[in-house]
Amino acid sequence: MAEHVDDASTSTGVERSEADLRRYTTVEELLRDKLSEAIGGWRGALESAVPTLVFALTWVATQDLKLSLLGAGACVAVLLVIRLVQRQDPRFIAYAAVGVGISAFFALRSGQAEDAFLPGMLQNAGLLVLLLVTNLVRWPLFGFVVAVAEPEAFAEDPTWWHKHPGIVTVAMRLAWVLVALNVVRLAIMVPLYLGEQVAALGVAKVVLGWPAYILAVTAMGAILVRGHTPIDPGRSRA
């Protein structure tokens, strides 16, 4: 019994993560579990979208850039206080705060309200390129989501998941869904930005934000629910 405890205590993070994989029958089951840990759920998505909605509505009502940014910032502050009072993880509010701060920098520097949406479009373009490149070289981004969900293993070897062909296959399928989402976002928002359509940009930002993201997550959920991909296709079951 003592030897068993010693072996467990001296095993590496990667070894423990590999042992953890044995709890799952399919890659879809594994990713359902790990993605739920990495994503903030409906509340995290809502907290990311509300400041943008406040900015857009304030701009439509006042045409005042500073007031619109102030409203978005105040919204972030209120959401942060709520998280802290409830003693819950505030990291998703922190993401929103960073987003509002970057948007404010771009908009105030140029004096153009539409530039508040430029960072988001640049982010979408960057993510699109990253998703495409990592998929084409068969190192899909979602594979690293699995790795991050296992902090000890990630610290030792962030690529340990790549030796499991099933994880690579399903992670690529999920990434293609986000590729499509970002293509749609850019195809709609770039012409509006070039046309200086601030109100339409605000509406598009909100609609193409968490509502579109929920549709993408639903599509990914269908992949994860309906699929039955073995983690190691060549490995026979015991």
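# Around helix α7

Visitor: Which residues of α7 are buried?

Guide: In this predicted model, the buried residues of α7 are Leu 118, Pro 119, Gly 120, Met 121, Asn 124, Leu 128, Leu 131, Thr 134 and Asn 135. To earn that word, a residue needs a relative accessible area under 20%.

Visitor: How do you know that the span of α7 agrees with its number of residues?

Guide: Let's do the check. α7 has 19 residues, and at 1.5 Å a residue they should span 27 Å. The rule multiplies 1.5 Å by one less than the number of residues. The end C-alpha atoms of α7 are 27 Å apart, so the two values agree.

Visitor: And what does the whole chain consist of, in helices and strands?

Guide: The chain has 12 helices and 0 strands. Read from the N terminus, the elements go α-α-α-α-α-α-α-α-α-α-α-α. Of its 238 residues, 41% count as buried.

Visitor: What makes Arg 138 stand out after α7?

Guide: Look at its backbone: Arg 138 follows α7 and has a positive phi, near 60°. Arg 138 has this phi although it is not a glycine. You'll find Arg 138 in the loop between α7 and α8.

Visitor: Why is Arg 138 called partly exposed?

Guide: Its relative accessibility is 43%. Buried would need under 20% and exposed over 50%, with partly exposed in between. The value for Arg 138 is in that middle range, so it counts as partly exposed.

Visitor: What about aromatic pairs: how many does the structure hold?

Guide: There are 3 of them. One is formed by Trp 139 and Phe 144, with 6.4 Å centre to centre and 25° between the planes.

Visitor: Why is that pair called stacked?

Guide: Two tests. Ring centres must lie within 6.5 Å, and the pair has 6.4 Å, so it counts as a pair. Planes under 30 degrees apart count as stacked, and 25° fits, so that's the name it gets. Both residues are partly exposed: Trp 139 has a relative accessible area of 31%, and Phe 144 has 26%.

Visitor: What makes the pair of Trp 139 and Trp 161 edge-to-face?

Guide: The angle again. The planes of Trp 139 and Trp 161 are 80° apart, with 5.7 Å centre to centre. An angle over 60 degrees counts as edge-to-face, so 80° qualifies. This pair links distant parts of the chain, 22 residues apart: Trp 139 is in the loop between α7 and α8, while Trp 161 is in the loop between α9 and α10.

Visitor: Is Trp 161 buried or exposed?

Guide: Buried! Its relative accessibility is 0%, and the word needs under 20%, so Trp 161 passes. Ring pairs also join Trp 139, Phe 144 and Trp 161 into a cluster.

Visitor: Which residues form the nonpolar patch on the surface?

Guide: Val 129, Leu 132, Val 133, Leu 136, Val 137, Trp 139 and Trp 176, with about 640 Å² of accessible area together. Helix α7 gives the largest share, 4 residues. Trp 176 sits in helix α10. A patch residue needs over 30% relative accessible area, and Trp 176 has 39%, so it clears that cut-off.

Visitor: And the largest nonpolar core: which residues touch the most other members?

Guide: Out of 32 residues, those are Phe 55, Phe 117, Met 121, Phe 142, Leu 178, Met 189 and Met 220. At least two core residues each come from α4, α5, α7, α10, α11 and α12. Helix α10 gives the most, with 11 residues.

Methods: Residues are numbered from 1 along each chain as its sequence is written. This is a predicted model: local features need pLDDT of at least 70, side-chain atom pairs count only at pLDDT 80 or more; totals for chains, interfaces and linings use all residues. Side-chain values use heavy atoms; hydrogens and water are left out. Patches are made of residues with over 30% relative accessible area and no salt bridge: like charges are joined within 9 Å, nonpolar side chains (Val, Leu, Ile, Met, Phe, Trp, Tyr) within 5 Å. Accessible areas come from the Shrake-Rupley method with a 1.4 Å probe; for residues, only the protein chains shown count as cover. A salt bridge is a side-chain nitrogen of Lys or Arg within 4 Å of a carboxyl oxygen of Asp or Glu. Buried means under 20% relative accessible area, exposed over 50%, partly exposed in between (1.4 Å probe, protein chains only). Rings of Phe, Tyr and Trp (its six-membered ring) pair if their centres lie within 6.5 Å; planes under 30 degrees apart count as stacked, over 60 as edge-to-face and the rest as tilted. A nonpolar core is a set of buried Ala, Val, Leu, Ile, Met, Phe, Trp, Tyr and Cys residues joined through side-chain atoms within 4.5 Å.
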